[in-house]
Amino acid sequence: MAAKGVPSNSLIHEITRQWHVERPDLDLRNFLLQIYLQRIGRIIESRFSKLMARRFGISAQDTRVLFALRRGGAPFAKRPTDLFRATLVTSGAITKQVDRLARKKLVRRLPDPDYRGGFLVQLTEKGMEFIDRVSTVVATESFIGPAIRSMNTSERDMAERFCLRLIATLEATDSGSPKHPSARRPSRATAKKGRGKKGSTKRSARA
């Protein structure tokens with residue numbers, strides 16, 4: 001039997017039905033929920049990647065680094081460790097992503113005064129303008145919009161609360177996930193040292 005609002009001929013309904021037929025001996029609720037969340041993630045990631053490549057000529061992975069810097073607020077700078085924890089990738093992957101973004105002049109590296117030999121990654125003015133354009137497009141032309149509009153306000157609120165609670169619970173049990181204290185901002189004075197004569201990075205409305 002299809003869930004309320006789910007077409008009985010949908011692929012995900014058929015996947016659910018097949019598992020119930022093949023493994024009636026198991027409580028499949030958590031197992032199937034994991035499948036649902038994975039499929040949502042893959043669909044969103046695929047569409048987001050195509051949108052970034054088509055409209056902005058950048059990968060979804062590199063976009064997430066810029067998002068992490070932008071949402072942190074002034075001075076729009078983070079340590080590499082904060083970035084790879086926030087974007088759920090390895091330190092090696094972040095190094096390559098920062099290299100690509102630096103070549104495009106979307107970010108710059110600054111010396112980290114609190115860690116000898118370390119550095120901070122900061123949005124440039126070009127990077128700020130770029131990621132604000134991206135966030136505006138993603139927010140106003142969201143590809144999940146049509147699906148979300150098919151739900152009522154109560155369903156949308158419940159879905160948001162469910163996602164936030166599940167993610168927070170999973171991250172709390174994962175030692176590799178970002179913890180709030182580690183996302184501290186470098187001082188404004190630190191970031192100013194790397195801006196030179198060009199002036200401070202302009203701050204526009206947050207995404």
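**Salt bridges, sheet and packing in a predicted model**

At 63% relative accessibility, Asp114 is classed as exposed. Its salt-bridge partner Arg79, by contrast, has a relative accessibility of 11% and counts as buried. The structure described here is a predicted model. In this model the side chains of Arg79 and Asp114 meet in a salt bridge, with an N to O distance of 3.3 Å. Arg79 is located in the loop between S1 and helix H4 (80-87), and Asp114 in the loop between S2 and S3, so the pair ties together parts of the chain that are 35 residues apart in sequence. Arg79 and Asp114 belong, together with Asp112, to one network of salt bridges that share partners.

The protein contains nine helices and three strands. Along the sequence these elements follow the pattern α-α-α-β-α-α-β-β-α-α-α-α. Of the 207 residues, 30% count as buried. The accessible surface comes to about 14,000 Å², and carbon and sulfur atoms account for 57% of this area. Among contacts between residues at least 6 apart in sequence, 58% join residues at least 24 apart.

The three strands form an open sheet in the order S1-S3-S2, with antiparallel pairing. Strand S1 (77-78) and strand S2 (107-111) are the edge strands, each of which pairs on one side only. The pairing of S2 with S3 is antiparallel and extends over five bridges, whereas S1 and S3, also antiparallel, are joined by two bridges. Within the S2-S3 pairing, Arg108 has Gln122 of S3 as its bridge partner, and Arg109 stands opposite Val121. Val121 of S3 also has Lys78 opposite it. In regular strands, side chains alternate between the two faces of the sheet. Strand S3 is nevertheless mostly covered, with four of its five residues buried.

Strand S3 (119-123) is also among the elements against which the buried residues of helix H6 pack, the others being H2 and helix H3 (60-71). Helix H6 spans residues 125-140 and has 16 residues. The distance from its first C-alpha to its last is 23 Å, close to the 22 Å expected at 1.5 Å a residue. The buried positions of H6 are Gly127, Met128, Phe130, Ile131, Asp132, Val134, Ser135 and Val137.

Helix H2, one of the packing partners of H6, also contributes to the surface of the model. A nonpolar surface patch of about 440 Å² is made by Leu33, Leu37, Ile40, Ile44, Ile144 and Phe162. The largest share of this patch, four residues, is supplied by helix H2 (residues 29-56). Leu37 is located in helix H2, and its relative accessibility of 33% places it in the partly exposed class. Patch membership requires over 30% relative accessible area, a cut-off that Leu37 passes at 33%.

In total, 10 salt bridges were counted in the model. One of them links helix H2 to helix H3: the side chains of Glu45 and Arg64 meet at an N to O distance of 3.1 Å. This pair connects distant parts of the chain, with Glu45 in helix H2 and Arg64 in helix H3, 19 residues apart. Glu45 has a relative accessible area of 26% and is partly exposed. Arg64, with a relative accessible area of 27%, is partly exposed as well.

A salt bridge within a single helix is formed by Arg17 and Glu14, whose side chains meet at 2.6 Å, N to O. Both residues lie in helix H1 (residues 11-22), where they are three residues apart, about one turn of the helix. Arg17 is partly exposed, with a relative accessible area of 37%. Glu14 is likewise partly exposed, its relative accessible area being 29%.

Definitions and conventions:
Residues are numbered from 1 along each chain as its sequence is written. This is a predicted model: local features need pLDDT of at least 70, side-chain atom pairs count only at pLDDT 80 or more; totals for chains, interfaces and linings use all residues. Side-chain values use heavy atoms; hydrogens and water are left out. Patches are made of residues with over 30% relative accessible area and no salt bridge: like charges are joined within 9 Å, nonpolar side chains (Val, Leu, Ile, Met, Phe, Trp, Tyr) within 5 Å. Accessible areas come from the Shrake-Rupley method with a 1.4 Å probe; for residues, only the protein chains shown count as cover. A salt bridge is a side-chain nitrogen of Lys or Arg within 4 Å of a carboxyl oxygen of Asp or Glu. Buried means under 20% relative accessible area, exposed over 50%, partly exposed in between (1.4 Å probe, protein chains only). The expected span of a helix is 1.5 Å times one less than its number of residues. Contact means heavy atoms within 4.5 Å. Two strands pair if DSSP finds at least two bridges between them.
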